[in-house]
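Here is a short briefing on one chain. Look over the sequence and the model, then read the notes by topic.

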Amino acid sequence: FRRVLFRSMMFGYACNETATLMPAPIYWAHQLSQQLARVRKDGIVDFFRPDGKTQVSFEYQDGKPVRINNVVVSTQHTASVSQDEVAEAVKNEVIRPILEPSGYFDEKDCEIFINTTGRFVVGGPMGDCGLTGRKIIQDTYGGSGHHGGGAFSGKDPSKVDRSGAYMGRYIAKNVVAAGLAPVCEVQIAYCIGVAQPVSVLVDTFGTGTVGDEKLEEAVKKVFDLRPTAIIRDLDLRKPIYRQLAAYGHMGREDLGVSWEKTDRVDALKAALQ
């Protein structure tokens, strides 16, 4: 008789590219998504409809974002408007108000793609059936760093796919906020039936002020990584999850979620002394 134990792996990530310590591409893509919804709900553009997608691609030099080289926006709309009207409204009310102040956007030097498949009248489940789970790339870091395999939405916090990923973000953000590295990725792996993680890895991609091994030891001292402790320390049994159904789970300082706090900065610094 053999007993097989399954292992779960989660990742957290933070970098100093934006004020929320999120990667620039996903940060600005979420800003566009929020603006797309805002102008619809406020009646600024009365022919937009709920379904929509955004994507922002950056050019990097020496590991730093320097400019936006293309923007993709798709939005559902009423049948009464033309493609040109949709494109003009997206540029005037969504893209320009959000991206022009960023300092990365020059419309003359940026490719803009709007509703590239043509008219987008039918949306939501009627237009895209067979959806399962959530797009974890947009819920986390937009492709920066590594990603675990489990979606968050639909799971309660006892599932480490969700709570472990939140803790990974909490750790990584505190490392970067403490000035210990400009970029940090945290990997946490669990084995069913074992409370403590079987692996905790910190990767600063050669940018840390101390070695990654020392950071790992400090993380283990400062953060209790048992699943029950994560639920307790991040206060995950509150009804906070509906508000995370759009615009991502990470970097949501606007929602005051616990894993975006940087209250372990001093403890991390002390643990390294």
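**Cavity, pocket, helix and cysteines**

The largest cavity has a volume of about 70 Å³. The model is a predicted one. A search of the whole structure turns up 1 cavity of 30 Å³ or more. The notes below cover that cavity, a pocket, a kinked helix, two cysteines and three single residues.

**The largest cavity**

- Its lining is made up of 13 residues.
- Phe11, Ile136, Gly148, Phe152 and Ala165 are the lining residues nearest the centre of the cavity.
- Two elements, β1 (7-15) and α5 (160-177), each contribute at least two residues to this lining.
- Sorted by class, the lining of the largest cavity holds 6 nonpolar, 6 polar and 1 charged residues.

**The second largest pocket**

- The second largest pocket encloses about 160 Å³ of space.
- Part of its lining comes from Thr20, Met22, Tyr27, His30, Gln31 and Gln34.
- The lining also includes Tyr247, Met250, Gly251, Arg252, Glu253 and Asp254.
- By class, the lining of the second largest pocket counts 4 nonpolar, 5 polar and 3 charged residues.

**Helix α2**

- Helix α2 spans residues 83-99 and has a kink of about 40°.
- The kink is centred on lysine 91.
- Buried residues of α2 are Val86, Ala87, Ala89, Val90, Val94, Ile95, Ile98 and Leu99.
- An α-helix has 3.6 residues a turn, so residues three or four places apart point the same way.
- Among the buried residues of α2 are Val86, Val90 and Val94.
- The partners of these buried α2 residues are α1 (24-41), β2 (48-61), β3 (64-77) and β4 (111-114).

**Cysteines**

- The disulfide count is 0.
- Cysteine 15 takes part in no disulfide. The nearest cysteine sulfur belongs to cysteine 184 and lies 11 Å away. The cut-off for a disulfide is 2.5 Å between sulfur atoms, so this pair does not qualify.
- Cysteine 110 is in no disulfide either. For cysteine 110 the nearest cysteine sulfur is that of cysteine 15, at 20 Å.
- Cysteine 15 has a relative accessible area of 2% and is therefore buried, the limit being under 20%.
- Cysteine 110 is buried too, because its relative accessible area is 12%.

**Asparagine 70**

- Asparagine 70 is part of strand β3.
- Its relative accessibility is 15%, so asparagine 70 counts as buried.
- Leaving out residues up to four places away in sequence, asparagine 70 touches Gln55, Val56, Ser57, Cys110, Glu111 and Phe113.
- Asparagine 70 and valine 160 lie 90 residues apart in sequence, with their C-alpha atoms 35 Å apart.

**Serine 163**

- Serine 163 sits in helix α5.
- With a relative accessible area of 1%, serine 163 is buried.
- Not counting neighbours within four places in sequence, serine 163 is in contact with Pro157, Ile230 and Leu236.

**Lysine 238**

- Lysine 238 is found in the loop between α7 (227-233) and α8 (265-271).
- Is lysine 238 buried, exposed or partly exposed? Its relative accessibility is 45%, so lysine 238 counts as partly exposed.
- The C-alpha atom of lysine 238 is 9.8 Å from that of proline 157, and the two residues are 81 apart along the chain.

Terms used:
Residues numbered from 1 in each chain as written. Predicted model: local features only at pLDDT ≥ 70, side-chain atom pairs only at ≥ 80, totals over all residues. Heavy atoms only, no water. Bend = angle between axes of the 7 residues up to and from the residue. Helix = DSSP H or I, 4+ residues; strand = E, 2+ residues; numbered from the N terminus. Buried < 20%, exposed > 50% of the residue type's maximum accessible area, 1.4 Å probe, protein only. Contact = heavy atoms within 4.5 Å. 1 Å grid on protein atoms, 1.4 Å probe; cavity = no way out; pocket = protein on both sides within 12 Å on 5 of 7 lines; lining within 4 Å. Points joined across faces, edges and corners; volume = space filled by probe spheres on them. Nonpolar A, V, L, I, M, F, W, Y, C, P; charged D, E, K, R; others polar.
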